[in-house]
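Student: Please take me closely through the part of this model that surrounds the ligand, starting from the chain end and building up the setting as you go. I would like the reasoning spelled out wherever a residue is called buried or exposed.

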Amino acid sequence: MTLDAYRITDEPYYRPAGEEIAIFEAAWRERLPVMLKGPTGCGKTRFIEHMAWKLKVPLITVACHEDMTASDLVGRYLIDETGTVWHDGPLTLAVRHGAICYLDEVVETRQDTTVVIHPLTDARRILPLEKHNELVRAHPDFQLVISYNPGYQSAIKDLKESTKQRFCAIGFDYPSHEVEAAIVAQEAHVAPEIARQLVAIGTRSRNLEGHGLAEGASTRMLVHTGRLISQGLPMGQAVDTAIVMPVTDEPDVRAALSAAVQACMNP
Ligand SMILES: Nc1ncnc2c1ncn2[C@@H]1O[C@H](COP(=O)(O)OP(=O)(O)OP(=O)(O)O)[C@@H](O)[C@H]1O
Ligand SMILES: [Mg+2]
């Protein structure tokens, strides 16, 4: 099995904010498990897609959720006309055939699910498939990468210390104004001046964090706004649709955000 379907052939656009590419490459050469840590919409998924492309290794992504079981990761027996057949789960596929397995929002899963990655992320690099009575040794090209949004962290939803301590961590955040404007211009196909205004709006919204807003507008939201503008919507309408409405249900907060946004649009 070649995992060809999981190979990324076209370069995903990724604009680095710091040394994250070199750091990840060092971790990859040692096959160390890596945690990408940062707020929503700041480029973690795009980064791992870019790295998988750059390193020419397949990428298997799993969106984690609270009902996910260990079987969803490692595999299960399914019944077909010949009887019961074992099906590798996404993690087992990556371990057996060599791929980066990206567990997105791993903190969402229950801790008893998370522990299946423990023997894979220490010196053993093995995956015991208890139900299949098999011990899979990790392929040399297997690497485990997880994402983690510290903002959502709570006492109940946090990684076990013994899980955390298995990972190197690379911190992500919204980039500098200049870099973020370049990203928005590139991704949304808008003029640099528009991109700069959108970044100013994003920055304002982030200043409202903690004042009613859980999180300000992410780079993703600014890109969405730019895309609406590139489709001909006036900036005010685009900002309302892609930022102000989605980000809060509170009329007061919405009014405060709208006012902050207006100030950026008519400087
Ligand atoms: N450094 C970057 N280079 C290129 N594009 C970026 C970058 N950062 C953000 N983007 C843009 O923002 C969008 C959202 O980024 P991405 O999906 O990678 O966020 P994320 O950190 O994975 O968010 P989440 O935690 O919600 O999954 C991307 O689709 C891309 O358009
Ligand atoms: Mg993501």
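Tutor: Met-1 is exposed, because only 7 other C-beta atoms lie within 10 Å of its own, and a residue counts as exposed at 12 or fewer. Met-1 belongs to the segment before α1 (20-29), and its C-alpha lies 33 Å from that of Pro-16, although the two residues are 15 apart in sequence. This is a predicted model, and the description below should be read in that light.

From the chain end we can turn to the protein as a whole. The secondary structure consists of 11 helices and nine strands, and the C-alpha trace spans about 65 × 40 × 35 Å along its principal axes. Of the 267 residues, 35% count as buried. Among contacts with a sequence separation of 6 or more, 70% join residues that are 24 or more positions apart. The domain assignment divides the protein into domain 1 (4-171) and domain 2 (177-265), whose centres, taken over C-alpha atoms, are separated by 32 Å. Nine residues from domain 1 and nine residues from domain 2 take part in the contact between them, and on the domain 1 side these residues divide into four nonpolar, four polar and one charged.

Against that background comes the part you asked about. Ligand 1 has 18 residues around it, of which Thr-40, Gly-43, Lys-44, Thr-45 and Arg-220 come nearest. Both domains contribute to this shell, since at least three of its residues are drawn from domain 1 and at least three from domain 2. Three helices, α2 (44-55), α7 (177-188) and α9 (219-230), each supply at least two residues of the shell. Sorted by class, the shell holds five nonpolar, eight polar and five charged residues.

Of the helices that contribute to the shell, α7 can be followed further. Its 12 residues reach 16 Å from the first C-alpha to the last, close to the 16 Å expected at 1.5 Å a residue. The buried residues in α7 are Glu-180, Ala-181, Ile-183, Val-184, Ala-185 and Ala-188, and what covers these buried residues includes α8 (192-207) and α9.

Just after α7 comes His-189, which is found in the loop between α7 and α8. Its phi is near 55 degrees, a positive value in a residue other than glycine. Most residues other than glycine have a negative phi. His-189 is partly exposed, because 13 other C-beta atoms lie within 10 Å. A positive phi also appears at Arg-125, at about 50 degrees, although Arg-125 is not a glycine. Arg-125 is placed in the loop between α5 (111-114) and β6 (126-129), and it counts as partly exposed because it has 18 C-beta neighbours inside 10 Å, where 20 or more would be needed for a residue to be buried.

Beyond the loop that holds His-189, α8 has 16 residues, which should span 22 Å at 1.5 Å a residue; its end C-alpha atoms are 23 Å apart, so the two values agree. Within α8, the buried residues are Ala-195, Gln-197, Leu-198, Val-199, Ile-201, Gly-202 and Ser-205. These buried residues pack against α7 and α9, and also against α10 (235-247) and α11 (251-265).

A covered strand completes the picture. All six of the six residues in β8 (143-148) are buried, and both of its faces are covered, with Gln-143, Val-145 and Ser-147 on one side and Leu-144, Ile-146 and Tyr-148 on the other. Strand β1 (34-37) pairs with β8 in the parallel sense over four bridges, and Ser-147 is the bridge partner in β8 of Leu-36. Strand β5 (100-104) also runs parallel to β8 and is joined to it by four bridges, with Ile-146 as the bridge partner of Leu-103. The two bridge partners named here therefore belong to opposite faces of β8, Ser-147 to one and Ile-146 to the other, and both faces are covered.

Definitions and conventions
Residues numbered from 1 in each chain as written. Chains lettered and ligands numbered in written order. Predicted model: local features only at pLDDT ≥ 70, side-chain atom pairs only at ≥ 80, totals over all residues. Near = placed C-beta within 6 Å. Nonpolar A, V, L, I, M, F, W, Y, C, P; charged D, E, K, R; others polar. Domains from an automatic or database assignment. Expected span 1.5 Å × (residues − 1). Contact = placed C-beta atoms within 7 Å. Pairing = 2+ DSSP bridges.
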